[in-house]
Amino acid sequence: MKFTQYTAATALCIAASFAAPIAERQAAITDADILQYALTLEHLENTFYKGAISTMPESEFLAAGFSSAYYNNLKYIAHDEEQHVMLLTSALAAAGAMPVAACSYKFPYTDPKSFVTLASILEGVGTSAYLGGAPLIASKTYLGVAGSILVTEALHTSLQRFNLGEVAPANPYGTALGLNPVFTLAAEFIVSCPSTNAALPVKAFPALTATQGIPAAPGITFTFTTTTVMPSTFFVTFVSGLSTTSVAGSMEGNMIVATIPATAMGQTYAFITNANVTTSITDSAILNGPAILEVTPPAPTFDITEM
């Protein structure tokens with residue numbers, strides 16, 4: 001019961017810290033909006049993990065080459081996601097808001113391997129969502145709690161990547177994504193939501209699909225598809241870690257073609273943009289995307305004389 005008491009106390013603390021700004025920040029995104037947004041993502045992850053554990057027994061994971069230790073960790077992740085849902089739900093209720101309920105989802109996995117592959121991607125997006133949402137948070141108390149959840153999501157990401165045989169720390173830095181790019185990715189799995197859910201201040205961009213197998217590598221030509229018509233001049237902008245790199249895009253038939261830059265490492269997000277983006281990507285520059293690529297990082301380098 002100590003954990004439940006801690007969760008309730010933390011939720012009340014969060015509510016107290018941002019209750020006043022909610023009434024004052026009418027035009028801007030409020031901390032309550034961020035909580036609802038985070039809860040929407042946590043509901044998705046909570047349902048994702050519970051669905052897999054309830055339909056695929058440990059024996060199927062063992063047959064697919066995963067260990068009992070991995071399956072046990074999956075149960076811990078499911079526990080974590082449920083706790084995140086409980087905390088955010090309690091905080092919103094304590095602030096006088098109606099927490100969004102879980103939606104109906106469709107996840108395209110058919111076996112343990114495809115589940116773990118998708119889990120790695122979703123956890124990476126979750127980590128990027130908390131990192132990208134952090135600058136929008138007004139309450140220092142809530143920012144601290146969001147940072148705590150971010151760390152846990154990053155741990156989940158590393159676990160999934162390692163069990164796929166990928167480099168767990170593929171990038172020295174985390175990759176931040178804004179609200180709309182994250183929602184664009186999450187919307188692919190959402191079938192419908194309760195009509196009573198509060199409207200979120202987000203929109204989905206037109207989809208962009210990576211059409212080649214992954215992992216990819218810097219310097220290779222990569223192709224994408226979309227259902228929208230491309231302008232005569234456009235860029236494919238890659239966001240990875242602290243780097244945002246635009247390269248000129250071109251069309252080959254109905255395929256969008258671009259060369260992966262050296263700055264791309266690990267889970268990387270690709271956008272079609274209307275300009276050469278040299279700093280952080282903004283919604284006004286985005287035409288399509290993001291698509292998600294797994295880019296093999298270069299061999300690690302370090303100076304052993306610096307000790």
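Where is Pro290 found? In this predicted model, Pro290 sits in strand 10, the stretch covering residues 286–295. The peptide bond joining Pro290 to Gly289 is cis, with omega at about 15°. For background, most peptide bonds are trans.

Stepping back to the whole chain, seven helices and 10 strands make up the fold. The radius of gyration comes out at 20 Å, close to the 19 Å that the globule rule gives for 307 residues, so the chain is as compact as a globular protein of that length. Along its principal axes, the C-alpha trace spans about 55 × 50 × 50 Å. Of the 307 residues, 45% count as buried. Take the contacts between residues at least 6 apart in sequence: 73% of them join residues at least 24 apart.

The outside of the chain can be described too. Its accessible surface comes to about 14600 Å², and carbon and sulfur atoms account for 61% of that. As for charge, there are 9 positive and 20 negative side chains. The centres of these two sets lie 5 Å apart.

Now for the helices. Helix 2 runs over residues 31–55, and its 25 residues reach 36 Å from the first C-alpha to the last, close to the 36 Å expected at 1.5 Å a residue. Of those 25 residues, 18 are buried, so helix 2 is largely enclosed by the rest of the structure.

Helix 4 covers residues 68–94, and at 1.5 Å a residue its 27 residues should span 39 Å; the end C-alpha atoms are indeed 39 Å apart. One of the residues in helix 4 is His79, which counts as partly exposed because its relative accessibility is 37%, and the buried class stops under 20% while the exposed class starts over 50%. Between His79 and Lys50 there are 9.1 Å, C-alpha to C-alpha, although the two are 29 residues apart along the chain. Just after helix 4 comes Gly96, with a positive phi of about 90°. In general, most residues other than glycine have a negative phi.

Helix 7 (residues 179–186) is mostly covered, with seven of its eight residues buried. The buried set is made up of Leu179, Asn180, Pro181, Val182, Thr184, Leu185 and Ala186. What does the covering? The list includes helix 2, helix 5 (112–133), strand 2 (190–192), strand 9 (266–273) and strand 10. Leu179 also offers a link to a distant part of the sequence: its C-alpha is separated by 11 Å from that of Thr282, 103 residues apart along the chain. Thr282 belongs to the loop between strand 9 and strand 10, and it is partly exposed, with a relative accessible area of 41%.

A second loop, the one between strand 8 (255–259) and strand 9, holds Ala264. Is Ala264 buried or exposed? With a relative accessible area of 1%, Ala264 is buried, because anything under 20% falls in that class. Leaving aside residues up to four places away in sequence, Ala264 touches Pro218, Ser240 and Val295. Phe238 is 26 residues apart from Ala264 in sequence, yet their C-alpha atoms are 6.9 Å apart in space.

Technical notes:
Residues are numbered from 1 along each chain as its sequence is written. This is a predicted model: local features need pLDDT of at least 70, side-chain atom pairs count only at pLDDT 80 or more; totals for chains, interfaces and linings use all residues. Side-chain values use heavy atoms; hydrogens and water are left out. Helices (H or I, at least four residues) and strands (E, at least two) are DSSP runs, numbered from the N terminus. The radius of gyration is taken over C-alpha atoms; the globule rule is 2.2 Å times the number of residues to the power 0.38. Buried means under 20% relative accessible area, exposed over 50%, partly exposed in between (1.4 Å probe, protein chains only). Contact means heavy atoms within 4.5 Å. Accessible areas come from the Shrake-Rupley method with a 1.4 Å probe; for residues, only the protein chains shown count as cover. Lys and Arg count as positive and Asp and Glu as negative; His and the chain ends are not counted. The place of a charge is taken as NZ of Lys, CZ of Arg, CG of Asp or CD of Glu. The expected span of a helix is 1.5 Å times one less than its number of residues.
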